[in-house]
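Reader: I should like to learn how to read charged pairs and helices in a model of this kind. Could you take me through the features one at a time?

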Amino acid sequence: CHLIHYLRLSHHLIVLNYLICTFDKLKSVSSEDINITDAVFDGVEVRVFEPPAKRDERLKRSVVYIHGGGWALASARTSLYNNLCRIMAESLNAVVVSVEYRLVPEVCFPEQFHDALRATKHFLQPDVLAEYSVDPSRIAISGDSAGGNLAAAVCQQLSKDEHLTIRPKLQALVYPVLQAFDFNTPSYQQNMNMPVLPRYVMINYWIDYFNGNYDFAHSLLINNHTALDVGQALSFRGRLNWTSLLPSSFKKNYKPVIQTTGTAEIIQEIPALLDVRAVPLLAENETLQLQPKTYILTCENDVLRDDGVMYAKRLENAGVEVTLDHFDDCFHGCMIFTIWPTDFSAGVQTRNSYIKWLDENL
């Protein structure tokens, strides 16, 4: 893929997504029990999963789901996410709306955020909820990885919208990516070379999301962009102090990486690195206090583990009821890997725990 990109034949992410979707066509996941339709919500494509109406049942609960893939890969229509949303709809007897936001490199931040926000706000309109027979008081917003990032950012934005009459009851974030401030948290150090999502790959996803310069990758890796002399980052430092936000079992013997002298040019060229719409973990306490009851799933073998754990702690400190569901033997992305040939016990285990929480709380 990178060779093709180097030869200027195409962007490597376009090629990679093409390969993913081509392989995905070899699989077929269907269900006679769930009605699956494609729709457009305020200009954004969505896939809607509807269980059949039950006798004497008036309204269903609902989940707005935002898929992962580094803001650049996968789709609501791929079998992995199609299967997840179908099982959610069946297990919860809920209407599931899977958002097909536009991807990098077609668009970059903040367009993915805007797509997710527009689709969600459209669905939350009383007449749209009535069309799908959804109970306005029983709606969750959820997502995994980069989709968890978008779900958290959208939830924060909705909580501040004074014109909304209907808001999500819950948010459920699955190994979410929530910050680009510190790439040397204990989980980033511990899992820097872990397959599926090594640290350098996550940094490249951030650069692609922000349409930034790959020349900054090494500086980001050593936290030069948030050094002590980078004035734009100073006000955010207290909101992401992992030495106080993480339990000792996660901190282990790792030490903070804080540069005295850094590269302010990075923040000047990529200001989105400190934009809370992209990095929800940096939101102010006043915003966090407005968040709904929250579920966060984290995996030990994941560079993003501490993102989720720190967000859970900050939400808890702000008075939000939070369930942190941590899996010691699981890895990033595992929840969608439940279909042959990538049917892992870790996928079934995490998916069942996630759906169980939604069933008990939604």
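Reader: Is arginine 118 buried, exposed or partly exposed?

Author: In this predicted model, arginine 118 has a relative accessible area of 28%, so it counts as partly exposed; the class of partly exposed residues lies between 20% and 50%.

Reader: With which residues does arginine 118 meet in a salt bridge?

Author: The general idea is that side chains of opposite charge can pair when their charged atoms come close. Here, the side chain of arginine 118 meets that of aspartate 42 in a salt bridge, at 4.0 Å from N to O. This pair links distant parts of the chain: arginine 118 belongs to helix α4 (residues 111–123), while aspartate 42 lies in the loop between β1 (35–41) and β2 (44–50), 76 residues apart. Aspartate 42 is partly exposed, because its relative accessibility is 43%. Arginine 118 also forms a salt bridge with aspartate 115, where the closest N and O atoms are 3.0 Å apart.

Reader: How many residues separate aspartate 115 and arginine 118 in helix α4?

Author: They are three residues apart, which means a separation of about one helical turn. Aspartate 115, at 2% relative accessibility, counts as buried. Elsewhere, salt bridges with shared partners join Asp38, Glu45, Arg47, Arg77 and Glu100 into one network. The structure holds 18 salt bridges.

Reader: Which side chain meets that of glutamate 90 in a salt bridge?

Author: The partner is arginine 86, at 3.4 Å from N to O. Both residues lie in helix α3 (residues 79–92), four residues apart, so about one helical turn separates them. Glutamate 90 is partly exposed, with a relative accessible area of 33%, whereas arginine 86 is buried at 12% relative accessibility.

Reader: Let us turn to a helix as a whole. What should the span of helix α15 be?

Author: One reckons 1.5 Å a residue, so the 13 residues of α15 (residues 305–317) should span 18 Å. The C-alpha atoms at its ends are 19 Å apart, which agrees.

Reader: Why is α15 described as largely enclosed by the rest of the structure?

Author: The description follows because ten of its 13 residues are buried, each having under 20% relative accessible area. Among the buried residues are charged ones, including Arg305, Asp306, Asp307 and Arg314, together with Val309, Met310 and Leu315.

Reader: What phi does glycine 319 take, just after α15?

Author: Glycine 319 takes a positive phi of about 95 degrees.

Conventions. Residues are numbered from 1 along each chain as its sequence is written. This is a predicted model: local features need pLDDT of at least 70, side-chain atom pairs count only at pLDDT 80 or more; totals for chains, interfaces and linings use all residues. Side-chain values use heavy atoms; hydrogens and water are left out. Helices (H or I, at least four residues) and strands (E, at least two) are DSSP runs, numbered from the N terminus. The expected span of a helix is 1.5 Å times one less than its number of residues. Buried means under 20% relative accessible area, exposed over 50%, partly exposed in between (1.4 Å probe, protein chains only).
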